[in-house]
Each structure stands twice: as C-alpha cells, then as structure tokens.
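Me: I should like to learn how to read this structure. Please take me through it feature by feature.

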Amino acid sequence: MSAGSPPRPTLREVVSRRTVLRGLAAGAAISAMPRLARARGTTGDEGAERSFDFEPVTLEVADSHRVAKGYRSDVLVRWGDPILPGAPKFDLGKQSPRAQAGQFGHWNDYVTFMPLPLGSGNSSHGLLCVNHEHATGRMMFPGVATRGSPGENEMAIEMEAVGHSVVEVRRSASGRWRVVRSSRYGRRTTATTPIEIRGPVRGHRRVRTAQDPAGTRVLGTFANCSGGKTPWGTVLSAEENYEQYFAGTPAQAGPERRNHERYGIGMSPKGPTFKWHKLDARFHVGAEPREANRFGWIVEIDPYDPSRTPVKRTALGRLKHESAAVTLDADGRVVVYSGDDQEFEYLYRFVSHGRYEPGRREANLDLLDSGTLSVARFEPSGRCHWMPLVFGSGPLTPRNGFRDQGDVLIEARRAADLLGPTALDRPEDIAVDEKTGRVYVLLTGNPARTPSRVDKANPRAFNLSGHVLEIRTKKSAGGHHHAGLTNRWEVFSLGGKPEEGLPHNPDNAEFDPKGRLWIATDQGKGQHLRGVADALWAFETSGPRRGRGTPFFACPRAAEMCGPAFTPDGRTLFLAVQHPGAYGETPGQPRPTVDTPTTRWPDFKPGMPPRCSIVAITRPDGGVIGG
Ligand code: FEO
Ligand code: CA
Ligand code: CA
C-alpha cells in the first residue's frame, strides 16, 4: 500500500467512468477500446505501431488476474510458502514466528531476478529477490478484527513476515518455474535480522540507542517498498513508510523535535498502524526517541552470500524511500535515483565518489558508503538542477541545526527544504533507459495540490491520477552523464484516461532487456471507485504513441501491481501481486479481513485466505515477453 491516502477519484470522475463502462460492450469495454480505436481511427493514434505484440487485457475489477492472450501465467510463490530448508508448509491455523521466518513473507512488492551463477546471464536458474512491504494482521490472523489488534505472538509473526526474501527458482524443461527447496541461497531478512549501519551515520550520536550504544547495528528492516540492483550483484531495498511502526508523541524539544515532525513520527491521531511498541519498547518514541532514526534508509543485501550481513547505506539519505534505481555515469561513478513517496516531497540522486570496477566485486561492495546526495529542482525553462546536500555548504550549517554530515543525512528532508527543490506529486519508482540515458520518474498523484501550487512539473491541481516525468541526460563517447549538475526534463505522460492508454497512478517501472518500458499501477481505493483494476502496462517511449501504454496483466480484486522483473533473455516476466482481497468496494464499510476477503486469489479454496504472490509470465512458444 502506498504512503498517505490513496488517490480517490472525484464523483465526476467516477460517474464519467461508469458512463464509459455502461456505454460499451460489457466486460470487454476497456480492453476493446484501443483495438477498436485503432480500427475506427478515433483516438488520433490510428495506424501507430505498437512495440508490443499483444492485444490489451480487460481492466474490469474481477476475482482473478488476467494476462494478455497467448501468454501463460503461473503462480510461483505465495505468502507462507516454505523457502528455507526445514520450513513448514503454510497453515493458516498454525502460524508461528519460527515458521514465518522460513517462509515467503507477506505483502510482496519489489521483485528482481539475479541469475545463477553470479555474473552469468542465465535465464532459467536464479534468485528472486523480493521485498515485503508490510505484514497486515487483519489479512493474516483469523478473528483479529473482533479482537481489535494482533496479540503478542501475532505481532512477532508480523515481524518475521516483513523485509526481504531471497528465493532460488529454476525453470524446468516444460517451461514452468518452480521454487528450489533446500536452497543454500534461501534467505529471509526481517524486522529482527541484525543489519549493519554504514556510511556517514555509522556510530552517529543520533542513532545510538539502549540496545545499540555504539550506533552501528540495527535490528531489522521493514516498510520495504521498491528497490533496485547494482552492477556488482547486490539488491537495494528501500525503507518507505517506517513511521507507521512508531508509537508515542513526537519529541517536544531537543534535536529530534523537527525531525519527528518532518517525517510524521508519532503523529498519527489514531496511533501507529502497527502496534509493535507493545512488544518491543524501541518502537515507542518516548522510550527510545532515536530508534526511528535507524529506519528510512536504503538497505543493501547480497543475495549470493547469505552469510554477509545486510547494510544500511546511510550516504543515500533518510527518506520515505520508494525505490533505488541504479545506473552508471559515463565516468563509472555509481548513480542511484530515489523518490521520497509522499505528497509534495522530492526526487533525490546519489553519486558515488568511487568508480565501479567491472569484475572486481569486493572493490565495489562498499561504493555506496561515500558520495554526494542531491535533490532536484525542475525549472519551468525545462532545466533540472541537482543541488548537493553537503554539510557546511549554503544553509546546511549549525545555524540550522546541522552539526555534521550525519545530521544532514538523518534529516535529509529538512536539509532539502532549505535548498528550494521542487515539491512533486508523490515521487515513486524511477526507471533508467540505458540506451537513451533518459530517466523516468513516476509520480503517483497528489489530490492535495491546490491550483495555487501548480507548476510546470506538477501541472494539475487535485492530481488524482499521477503522471510521469522524463529527464534527459547528456551523452559523450563514454556513455550518459547522470552525474551532471543540470539536465533537461519534460512531462512524459499524464495519467487518468486508461481507455486512451493513460493509466491512473503510475507506481513501479522497469525496462525490459529490449529497452521497452513497463509501468505498474497503484490506484489505492481508486480501483473500486473507478471500476478499473490495477495492472501492468507496456509503454511506448518514442513514436506516435509515445507516453501511452497497453495493459498486459490485470490484478485480481483489491490487489495492486508491483514488480516487474525480467530474466536477462526477456522470456520470463515476474510480477508481484500485492494485497489481493484486502480492500472493500464500498467506501465507509469495514475493511475486509482474512475471514472476509473480497477474493480468495490465488487458491480459491474455502478457508484459504488470499495470498500475496509472485506470478511468472511466459509464452508457451518460449518467445520474448512483448514480442
Ligand atoms: Fe510503497 Fe510508494 O508505494
Ligand atoms: Ca504502491
Ligand atoms: Ca510502490
């Protein structure tokens, strides 16, 4: 689920959507539109060639998923499936923290495929690396709604159900994927896993706690939304809405006062979404005001070496990180783009000091510990400026409460505020086109933007449907200059008209091995109000249909679309279906629970709850996804 309130369509939008649906042939309404439009020449893009070989899927909200005709979809791994040696099979009535610690986590989000062996381009055997954004008790534990909130043992299970999974997978001769049981790579990183703090914040006074007086080792990661992967074969997991786990009132004085305010720590009038403070005092900001400073980072995990401790890379700043899109500058420095997912937040970019050295993995493993974090300003002129967050420069001094670079990184939002960046409509995932050097920034929407706050990069007031920006880097013989202080930018696509190839609420994105852009949507409650399922869309980045997409895969009821990830040969696509059945259709009604889901996807067995799952998409003829 996304940060803040999910975008909600206006009544006018809902009525207009229902009118469209009524006016068209039932069922195939939305799917038929681009095809019909092309045949009849009604949308202005008639004759425009798509870069993809499939006809659009239907987008009505339904109990099960749908994939484009001619493709096969297999549910590969579900919440609760055993992925570590000795882990038990899923049993709704026999959950335990120990069982969950060896099983696939809940609420799957980011997914990527890492070939085996390391450095190979193997597309039939590898490691699926998957984030688990939340573990929501109401969709896990029978009867929890009547009890009010999960009990202590159930919260301990939640703690083992978040974080990250490494799952070994193999494609058989029949073409189907399966999980390799008893894998030596299988791994869970959860809210109780020791994680090292590295970079400028390591040992900083503001991350020292009673549990960790040295400020070098934190227990766990959670709120892991999207992510990225590095050229040296590690995965970056983005800690997003971590404030939802902290109870108590924000600090009223001292160094954490403005920090707690700026990140909303302890500020929900209803208390935190998760009640872990009842189990562990570190989640109470009154008892431990610095614990929240140990979350909101990018976590680096080495899936090829289960013995290597995951690391929080603090040089990339503390935000509600949606993602971490990695590329290389022409000169070999590592560049990581990251969105801070909340209304009116910013786009950030990290540039390493050191250069990537191909083939020297150990030399690259700590590249993310030293570099410069910058924040973006999108000028109306079409220029984009990157402004460095460096202690001692400009306003980032003791006068404004920053005593060192650690302070700047812990309070990256407040440091950025002082530099005048562009407040965006919820910056989510970022995708880099390695062929063109263009960078796509997905903004999922911002109903709170008033007409007086509209600007060129956020061109719509009450932005319910989001949009996508495109940043253009300069090129030289060595490659694209992602590390420059200035780029060009423009609006790439405005969401809100799925029948015209402009989906609502772009959230996640990835380029396939052929260099084509795919975008996943997260409408929040909007999918039911609009009657349009969340989906994966194949997008055109050039030609007459530039900025428009074609729906390829539609989620089951109430689920949002996460991932996508491709094998190196482009012949398998992995998708994460998040929170199926977890939201209702009628505003104001009690939220569904594990006892009353709105679908039982993917098992559809009585008593079996809906389960977040990874779906493997292939073609029976073994062809490339999208053609
Ligand atoms: Fe976790 Fe921004 O979606
Ligand atoms: Ca989302
Ligand atoms: Ca997301």
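Reply: We shall discuss a metal site, a helix and a sheet in turn. This is a predicted model, in which local features need pLDDT of at least 70, side-chain atom pairs count only at pLDDT 80 or more, and totals for chains, interfaces and linings use all residues. Residues are numbered from 1 along each chain as its sequence is written, chains are lettered from A and ligands numbered from 1 in the order in which they are written, and side-chain values use heavy atoms, with hydrogens and water left out.

Me: Which residues coordinate the calcium ion (ligand 3)?

Reply: Donors are N, O and S atoms within 2.8 Å of the metal (3.2 Å for Na, K and Ca); water is not among the atoms, so sites may look incomplete. Here C225 (SG), E322 (OE, listed twice) and D507 (OD, listed twice) coordinate the calcium ion (ligand 3) at 2.2 to 3.2 Å. D507 also coordinates the calcium ion (ligand 2), which lies 3.1 Å from ligand 3. C225 belongs to strand 10 (residues 224-229), while E322 sits in the loop between strand 13 (311-313) and strand 14 (325-328), 97 residues apart. Helices (H or I, at least four residues) and strands (E, at least two) are DSSP runs, numbered from the N terminus.

Me: Are C225 and E322 buried or exposed?

Reply: Buried means under 20% relative accessible area, exposed over 50%, and partly exposed in between (1.4 Å probe, protein chains only). C225 is buried at 4%, and E322 is buried at 0%.

Me: Why is helix 5 described as largely enclosed?

Reply: Seven of the 10 residues of helix 5 (residues 152-161) are buried, so the rest of the structure largely encloses the helix. Among the buried residues are M155, I157 and M159. Their cover includes helix 3 (97-100), strand 4 (125-132) and strand 5 (163-171), where contact means heavy atoms within 4.5 Å. After helix 5 comes G163, with a positive phi near 95°.

Me: In what order do the nine strands of the open sheet lie?

Reply: Strands of a sheet pair through backbone hydrogen bonds, either parallel or antiparallel. Two strands pair if DSSP finds at least two bridges between them. In this open sheet the order is 14-15-17-18-19-26-23-22-21, with antiparallel pairing. Strand 14 and strand 21 (427-432) are at the edges with a single partner strand each, so one side of each has no neighbour in the sheet.

Me: How many bridges join strand 23 to strand 26?

Reply: Six bridges join strand 23 (residues 467-472) to the antiparallel strand 26 (residues 486-494). R472 stands opposite R488 of strand 26.
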